[in-house]
Amino acid sequence: MSIKLTAVLVVACVAQSVAIAGPVPLIPETAYEIIDDLSYSEATAQTSWRPMTGSKSVSLVEIEGKKALKMPCNFYGTKFDRSSWDRELKLDLTMCKGVQFLFYCHDASSIGSFRVYFHSGDGWYRGKFAAPASAGWTVVKIHKNSTDIEGRPAGWSKVDTIRISAWRGQDVDTAFYITALGLFGSGGKIIVVRGDSVANEIPNELKAVKQYANIMARFLDRVGLSHIVLSDLDVTEERLKGIKLMILPYNPKMPDKVAERIAKFLQAGGKLITCYTLPRRFEAIVGIRVGPHIRQKYQGYFASIRTCDEGLHGMPAVTEQVSWNINDVSAVDGRSRIAALWYSNNGQSTGEPAVVISENCIYLTHVLLSDDSANKVQLLLAMIGNLVPELWREAVRGCLDRIGRFGPYTEYNSSKQGVEKIISKGSPAGLALDRAAGLRKRGLALLSEGNFSKAIAAAEKAQESMIEAYCLAQKPLQGEHRAFWCHSAFGVAGMTWDRAIELLAENGFTAILPNMLWGGAAFYNSEVLPVAAAVKEKGDQIDLCLTACKKYGIKCHIWKVNYNMGWATDKKYIARMKAKGRTQVNYDGSSNERWLCPSHPDNQKLEIESMLEVAGKYDVDGLHFDYIRYPGKDGCFCKGCRLRFEKSIGRKINNWPTDLRNNESLNEKWLDFRRRQITTVVAAVAQRAKKIRPDIKVSAAVFRNWPVDRNSVGQDWKLWCDRGFLDFVCPMDYTDSGSHFENMIGQQLEWAGNVPCYPGIGLSVWSSSSDICKLIEHINITRRLGTGGFTIFNYGPTETNEVLPLLGKGITRKR
């Protein structure tokens, strides 16, 4: 791998008042390729690592002959968002999996988050990491496939700047250290092509491009198949040499020159797995013809992939996948065939192809989703093994090695011993461990016999049994608040409210927070908000949900999305609100018509009356605020905001809105004005709802970092707790890092004071929404910190089918 020196690393950080001190631990040995060995003087370090505005200069520390950079975060008495440094390096990162470095921070509690940026062309690749829980040095890895895109980067081959940013969490000074900046992951015969070029033409597709490339990379990592995620901007004939298989996870737009290079790769004997899209010029080469787009006829129409005719060697008979649309496809006689069809959630064949195979290509008619992950792995490996048989053995070895690698464990023996230590007398966990041992033994025997597909199936079942044993060994804590947010007003797709609530009760949950109203739509028979069209067909959703909750003993806290009018709001209604000057205007003068202006008296009345209507019409247990804030610092600067703000301070603003940011005194008054608009609604609902229903609970989903967010989005939730407006609060702590999650909760418990704080766990936004082991870790953190409960996002099909039953086996088990 060739590396040219010239990039930039920027690091941003935040703290509070007292500088953190303490000896720096010994720096461990590393055995990977280093791209900055710090072999220069402190003076050179300070010029090479240039501090951004407000940040202090770095310094070099030496510990027994090894050097590290000290990055001071001066947050006390300052106002900037982050401490940052740039390090110039020119890097070609195309043929590695990412960048890694050693990291140490004695106390990262004052840091809100860390970011690592890679500048390329006219944009950036942006990664993130959380401060590890370790008291010593820890390896931090930034995977290319997990990065977001800002602007228009030119590919990983043209990186000229690396930026690490530690953002302000509290106004307390701290410092962190980095050393051994290097690379990880190279080689392999598989390339996953990520469609970064969409940033130039269809940037709204960037999120999906990243999501589906990430899913594919995670599945490959899961089974230990070596691969590289390559930006489509970096595809060249030279980089494709030695590659056996290319995977296109979701590539909605492909530059012509890239398509031409991939066509040559296929003509030279390369193999292709492609999902949802297939460029026209490939059709003749692979012998598969793609037709028009097909939408689902109803929710659950495309629910599973099932083999047909000859199928695909090693493919599961049924793979669950809840897709919403597909592309039609037809096989070419003598060149390709249909291997699987789509089935609906009632078990009926749709007749629509799901998988088509030719000699050099396998085409999946939708993207590969992460649900039913065990069968997805087998499906993907069957595709890979049929196209490149030599990869079967490597895949089987990876699956077998993975058995026991989950949660706090790194391999089979440690996980077996660890679970045995926490098993209670009479627990069925022991039987699950025995089952896992038998399946593992069978998998090893099948590998030696060369029966690869059956060996993979045995290995996957062994891992499932190990995780089941771990779940069974967990102990429930009685009396805690256990809740799910449910973002869909109609509950879990393919399930009635009655069944969805019954499952919660069976698995030990105590509450549901269903999203039943938005800023411009109600999913019940409202006289205050426009009623969503679907209510006429599907009925009053509050009534249906609440009836089930009463039946099964589940608390029902109705969730309202405040100010944001949402997807279900009629466009004519939005237009009317905009015409009346009731929607938001951004700082730059652009319209944000989906958001209502929080300072408009009629909007405040609408928010208050709609929530009170629910309290008056239904015997609900609670009202739950969400989006009870501004969308960001750039809203709202409409004409009405100007008039109302000027009236509140008793003077005119000459240069609106620039004076609000250029004049410090005005800025403080403006931020206070914004906070008052939001607090007014919270206070009114809290006070008046109690008069309607004295035992009702008022709660809110809030941003996690109160000191910062009270200014950035006007959400002063500590004040709401202090004044008794809230009966409980749910900070949205959606990190998948246990250490970061624990640090955040520790601070939030102080801000909440005497108000119960039930942290929000972001299961559905993690890289894997079925990661039961990480979820257990997070729940145990809430117990260790004594929160009294937790709230999980989101109650959907994957969470219901794959996660909830495992929770109910142990950690939320009903006694």
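Author: A salt bridge here is a side-chain nitrogen of Lys or Arg within 4 Å of a carboxyl oxygen of Asp or Glu. The model is predicted, so local features need pLDDT of at least 70 and side-chain atom pairs count only at pLDDT 80 or more, while totals for chains, interfaces and linings use all residues. Residues are numbered from 1 along each chain as its sequence is written, and side-chain values use heavy atoms, with hydrogens and water left out.

Reader: How many salt bridges does this rule yield?

Author: Side chains of opposite charge can pair when their charged atoms come close. Applied to this model, the rule gives a count of salt bridges equal to 47.

Reader: How far apart are the closest N and O atoms of Lys376 and Asp371, and is Lys376 buried or exposed?

Author: Lys376 forms a salt bridge with Asp371, with 2.7 Å between the closest N and O atoms. Burial is judged by relative accessible area (buried under 20%, exposed over 50%, partly exposed in between; 1.4 Å probe, protein chains only). Asp371 is buried because its relative accessibility is 9%. Lys376, because its relative accessibility is 0%, is likewise classed as buried.

Reader: How many residues separate Asp36 from Arg87 along the chain?

Author: The side chains of Asp36 and Arg87 meet in a salt bridge with an N to O distance of 2.8 Å. Asp36 counts as buried because its relative accessibility is 4%, and Arg87 counts as buried because its value is 13%. Helices (H or I, at least four residues) and strands (E, at least two) are DSSP runs numbered from the N terminus. The pair links distant parts of the chain, since Asp36 lies in strand 1 (residues 34–36) and Arg87 in strand 6 (residues 85–91), a separation in residues of 51.

Reader: Which helix holds both Lys416 and Glu420?

Author: These two side chains also meet in a salt bridge, Lys416 to Glu420, at 2.8 Å from N to O. Lys416 is partly exposed because its relative accessible area is 28%, and Glu420 is partly exposed because its value is 42%. The two residues are 4 residues apart, about one turn of the helix, and the element that contains both is helix 8 (residues 412–422).

Reader: Which strands stand at the edges of the open sheet of 9 strands?

Author: The strand order of this sheet is 15-14-16-17-24-23-22-19-20, with mixed pairing. An edge strand has a single partner strand, so one side of each is left without a neighbour in the sheet; the two are strand 15 (227–231) and strand 20 (318–323).

Reader: What is the bridge partner of Phe302 in strand 20?

Author: Two strands pair if DSSP finds at least two bridges between them. Strand 19 (residues 302–307) and strand 20 pair in the antiparallel sense over 4 bridges. Within strand 20, the residue bridged to Phe302 is Ser323.

Reader: Which residue of strand 34 stands opposite Ile761?

Author: A closed barrel of 8 strands follows the order 25-26-27-30-31-32-33-34, with parallel pairing. Strand 33 (residues 760–761) runs parallel to strand 34 (residues 789–793), and 2 bridges join them. Opposite Ile761 in strand 34 is Ile792.

Reader: Which strands does helix 11 touch?

Author: Helix 11 covers residues 497–506 and packs on the sheet of the barrel. By the criterion of contact, heavy atoms within 4.5 Å, the helix touches strand 25 (481–486) and strand 26 (511–517).

Methods: Axes fitted to C-alpha atoms, helices over the stretch in contact; angles between N-to-C directions.
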